[in-house]
Amino acid sequence: MLFKPNQIICGQVESGNLVIRLKGGKIGNLTMWSQDEPVFEVDEKCLLFLGYVTDSISTPLPTKTDGNLCYRVIGSMQGKYRYVDDNITVSYTHLTLPRRG
């Protein structure tokens, strides 16, 4: 999935867009998904905790797709927080945290 970050809180991004790899996908009529992976909607605003996708354990170099570094959501669903009415929400616990500042 391709994302455009509005703000980077910690770390750096090589380009203007982020490629986030998720388990699952669709080929023809066959769809596979993982219940632990976060689900995204078009134009959804969220806070993500990301890490690099690496080639393998023996060569921990960041993987690239079409010249972009690939990221993964750390902690699966626990690494994604949606913004709803300028509040950060956690959908699996129905917890709403007020936005600071």
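This tour of a predicted model goes through its salt bridges, one residue at a time.

Begin by selecting E44, which sits in the loop between strand 4 (30-33) and strand 5 (46-48). With a relative accessible area of 19%, E44 is buried, because the cut-off for that class is under 20%.

Next, add K80 to the selection and look in strand 9, which covers residues 80-84. E44 and K80 form a salt bridge here, and their closest N and O atoms are 3.0 Å apart. The two residues lie 36 residues apart, so that this pair links distant parts of the chain, a loop on one side and a strand on the other. K80 is buried as well, its relative accessible area being 11%.

Now keep E44 displayed and select R82, another residue that belongs to strand 9. The side chains of E44 and R82 meet in a salt bridge, with a distance of 2.9 Å from N to O. Here too the pair links distant parts of the chain, since E44 in its loop and R82 in the strand are 38 residues apart. R82 has a relative accessibility of 30% and therefore counts as partly exposed, a class that lies between the 20% and 50% cut-offs.

Finally, show the three side chains together: E44, K80 and R82 are linked in a network of salt bridges. How many salt bridges does the count come to? The count comes to two, and E44 takes part in the one with K80 and in the one with R82.

Conventions
Residues numbered from 1 in each chain as written. Predicted model: local features only at pLDDT ≥ 70, side-chain atom pairs only at ≥ 80, totals over all residues. Heavy atoms only, no water. Salt bridge = Lys/Arg side-chain N within 4 Å of Asp/Glu carboxyl O. Helix = DSSP H or I, 4+ residues; strand = E, 2+ residues; numbered from the N terminus. Buried < 20%, exposed > 50% of the residue type's maximum accessible area, 1.4 Å probe, protein only.
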